[in-house]
Amino acid sequence: MNAMTDLGFSREEFEQTLQRIERLLGKVEQLSNSIVQRCNRAAQLLPAFAMGGLQESLDKFTAIVKAFFAVMREQMLSPGWPPALYGTGDDWTNRVGAVASSLSGMAGSDQTTVNEKWEGAGATAYAEALSAQGKALSAIKAATDEIDDALFKLCAALVAFWVMIAVAIATYVVELTAAAAATSTGVGAPAGAAVLVRARQPARTNASAKTCTPGAWGRRP
C-alpha cells in the first residue's frame, strides 16, 4: 500500500521528509561556508591577542562538517523505501498467509469424503496425514504474520530514522545561524567558532547513521 495507513505516515510524507533534509543540508553547507569565510577574514584583521584559538576552532569545525557530509552523502544516495517494505509485508499476509489459512481449513477429516468412498490402510494413512497437513499450513500462516510484523516494524524504524535526522539537522541549522550572526561582527568570530565546536555536532547527532544502512530497507520502484 502506498498510503501506509497503519503506520500513520504516507509515502508522500516520507518523500517530503527526504526533500526537507536535502534543503537543510543545502542550508548547512551555505552557513558553514559563510562562517569559514568570515572567520578567515577576521583572522587577517584581528591582532594575535584577540584570536582566542580561532584557527584551532575553525579547523575542528571544518573537520566536523566534512565528516557530517561524508556520512549524509552516503545515506542519501540510498535512503530506503518504506512503501516497499509495507507492500511486501501485505503480500506475505494476503498472498501467502491467507491462502495457507484457507487450505488449512480444508485439511481435516471432517472436510473429506475419503472415509465414505475409500477404505483400507491407504485411506487410514491419508486421513491421519490430513491433520499434519493442517498444522503445517497453520504454521505457514503464523510465519507470514511474523514476517509482515517484522517488515512493518522495520518500515516504522526507517521512517523514524529519517524524521529524527531531519529534526537534528534543523536544530543544527539554528545553531549555525546563531554562530553566523556572531562571526559577522569580526571580533565575535573567535567566540562564534568556539561555540560551534562545543555545540551539538551533526556528526555526533547522526552517529547511528555510520552503523546503519537504510538503503537495504526497501528499494524505490
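**Trp81 is buried at 2% relative accessibility, where buried means under 20% relative accessible area, exposed over 50% and partly exposed in between (1.4 Å probe, protein chains only).** The model is predicted, and local features need pLDDT of at least 70, side-chain atom pairs count only at pLDDT 80 or more, and totals for chains, interfaces and linings use all residues. Residues are numbered from 1 along each chain as its sequence is written, and side-chain values use heavy atoms, with hydrogens and water left out. The structure contains 4 aromatic pairs, a pair being Phe, Tyr or Trp rings (six-membered ring for Trp) with centres within 6.5 Å, stacked if the planes are under 30 degrees apart, edge-to-face if over 60 and tilted otherwise. One of them joins Phe14 to Trp81 edge-to-face, at 6.0 Å centre to centre and with 65° between the planes. Phe14 belongs to helix α1, whereas Trp81 sits in the loop between α2 and α3, so that the pair links parts of the chain 67 residues apart; helices are DSSP runs (H or I) of at least four residues, and strands (E) of at least two, numbered from the N terminus. Phe14 is buried as well, at 1% relative accessibility.

**Phe161 and Trp162 form an edge-to-face aromatic pair.** Their ring centres are 5.0 Å apart, and the angle between the planes is 85°. Trp162 has 0% relative accessibility and counts as buried, and Phe161, at 9%, also counts as buried.

**The largest nonpolar core of the protein has 36 residues, a core being a set of buried Ala, Val, Leu, Ile, Met, Phe, Trp, Tyr and Cys residues joined through side-chain atoms within 4.5 Å.** The members that touch the most others are Ile21, Leu25, Met72, Trp162 and Ile169. Helices α1 (11–45), α2 (54–77), α3 (82–106) and α5 (121–183) each give two or more residues to this core, and α5 supplies the largest share, with 15 residues. Leaving aside neighbours within four places in sequence, Leu25 is in contact (heavy atoms within 4.5 Å) with Phe68, Phe69, Met72, Met76 and Ile169.

**Asp149 and Lys153 are joined by a salt bridge in helix α5, that is, a side-chain nitrogen of Lys or Arg within 4 Å of a carboxyl oxygen of Asp or Glu.** The N to O distance in this bridge is 3.2 Å, and the two residues, 4 apart in helix α5, are separated by about one helical turn. Lys153 is exposed at 54% relative accessibility, whereas Asp149 is partly exposed at 38%. The C-alpha atoms of Lys153 and Leu85 are 9.4 Å apart, although 68 residues separate them along the chain.

**Two further views show salt bridges in helices α3 and α5, from a total of 3 found in the whole structure.** In helix α3, Arg95 pairs with Asp91, the closest N and O atoms being 3.6 Å apart; Arg95 counts as exposed at 61% relative accessibility, while Asp91 is partly exposed at 34%. In helix α5, the side chains of Lys141 and Asp145 meet at 2.8 Å, N to O, with the residues 4 apart, or about one turn of the helix. Lys141 is partly exposed with a relative accessible area of 21%, and Asp145 is also partly exposed, at 33%.

**The protein as a whole comprises 7 helices and 0 strands.** Of its 221 residues, 40% count as buried. Among contacts between residues at least 6 apart in sequence, 85% join residues at least 24 apart.
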